[in-house]
Amino acid sequence: MQTEFEIIEKFFFKKNIKAYKGIGDDAALFKKDDDNLWAISTDTLNKNIHFMAATDPYKIGWKAMAVNVSDILAMGASPMFALLAIAMPKANSDWLKQFSKGFFECCKEFNVELIGGDTTRGPLSINVTVLGDVNKNSVLLRSNAKIEDDLWVTGNLGLPALGLKIIKNKIEVPKSIAKNSIKALEKPMLNKFTIDKIKPFCNSAIDISDGFVADLSHILRASKVGAKVNLKDMPINKWIKKTGQEDLALYGGDDYQTILTASKNMRSKIEKLIQKNNLSLSRVGIITKDKKLRVNDNGIEIKLKKGFAHFEKK
Ligand code: ADP
Ligand code: MG
């Protein structure tokens, strides 16, 4: 079986494009007017793959919108409009009522207007497309990380992956941790406020959907650079650290937090913004000329496993 990236590369990638930015970033970009670009991205949630059948439909609605907004924010853009394509085996009013409630609460939170979509019969699957705009000088491309940039990450990592493990009955954890983890998995809270505050000082960004290591690797590959990360600086839940499950934060995925890089000349400005606005932002490492990703645990380099792929290599 091929990885999702091999599939895209082999069957869908085309070299000559009309768009400002096509395949290969969190969203595609095309001209809006002389100064601004449209950013557009789409993501699908499938039953039994992205959510379990028993998941609260309110949370499915919220997440279907949130994961798309996350990609738009990772381009430095502001979300504006959305399309919703939904396939379901039958029309269940109670389910739809809750689903649409979650969906529109997320729309309201991020200022998104639903302007169209498609409703069909089929196995439950929800596809959302979000359109946002960004000044062309403020775009955050995966390919623009610079050597010696600081590496920043919003929020906390690892709880959603723990939530997934709990749902799959793989582990027993304290009740409050279980509750928070499942909530983090089912209702991702994006850090738009933090991203908006610091994006003017940043060079590149990506949101974390497949895991910190996997998604940081996308920035590194696109920018032809490497990175050095300090595990002790990573924003990881205390209980996860205490129990030695840092792998959940490194490889877990579904975090919908954002990795940003910024020149170290911007460090003091960003630190002042963190203080002033109480931002949830951690400086976790630096971009290096050496094209490797190294994660150090107390000065010792740890051997990395790989990140999440929808179609694993067999
Ligand atoms: P993200 O995790 O940010 O949503 P993905 O890892 O899913 O991005 O996709 C990587 C890139 O490949 C993105 O630019 C995405 O738009 C593009 N892509 C994914 N699937 C397809 C496809 N079937 N056809 C064309 N482009 C695709
Ligand atoms: Mg993304």
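The legends below describe close-up views of a predicted model.

**View 1. Three aspartates coordinate the magnesium ion (ligand 2).** In this predicted model, the magnesium ion (ligand 2) is held by OD atoms of Asp26, Asp71 and Asp207, at 2.0 to 2.2 Å. Read along the chain, these donors follow the spacing D-x44-D-x135-D. Asp71 belongs to helix α2 (residues 57-73) and Asp207 to strand β7 (residues 204-207), so this pair ties together parts of the chain that are 136 residues apart in sequence.

**View 2. Two of the magnesium donors, Asp71 and Asp207, are shown with their burial.** Asp71 has a relative accessibility of 8% and therefore counts as buried, because buried means under 20% relative accessible area. Asp207 is buried as well, with a relative accessible area of 2%.

**View 3. Ring pairs link Trp95, Phe99, Phe103 and Phe104 into a cluster.** The structure holds 4 aromatic pairs, and one of them is formed by Phe103 and Phe104, whose rings meet edge-to-face with 5.5 Å from centre to centre and 90 degrees between the planes. Phe103 is buried, with a relative accessible area of 1%, whereas Phe104, at 44% relative accessibility, counts as partly exposed.

**View 4. Lys32 lies over the face of Trp38.** In this view a lysine is paired with a tryptophan ring, and Lys32 is placed at 4.9 Å from the ring centre of Trp38.

**View 5. The charged end of Lys187 sits over the ring of Trp62.** Here again a lysine and a tryptophan are brought together, with the charged end of Lys187 lying 4.4 Å from the centre of the Trp62 ring.

Key
Residues numbered from 1 in each chain as written. Chains lettered and ligands numbered in written order. Predicted model: local features only at pLDDT ≥ 70, side-chain atom pairs only at ≥ 80, totals over all residues. Heavy atoms only, no water. Donors = N, O, S within 2.8 Å, 3.2 Å for Na, K, Ca; no water. Helix = DSSP H or I, 4+ residues; strand = E, 2+ residues; numbered from the N terminus. Buried < 20%, exposed > 50% of the residue type's maximum accessible area, 1.4 Å probe, protein only. Phe/Tyr/Trp six-rings, centres within 6.5 Å; stacked < 30°, edge-to-face > 60°. Lys NZ or Arg CZ within 6 Å of the ring centre and 35° of its normal.
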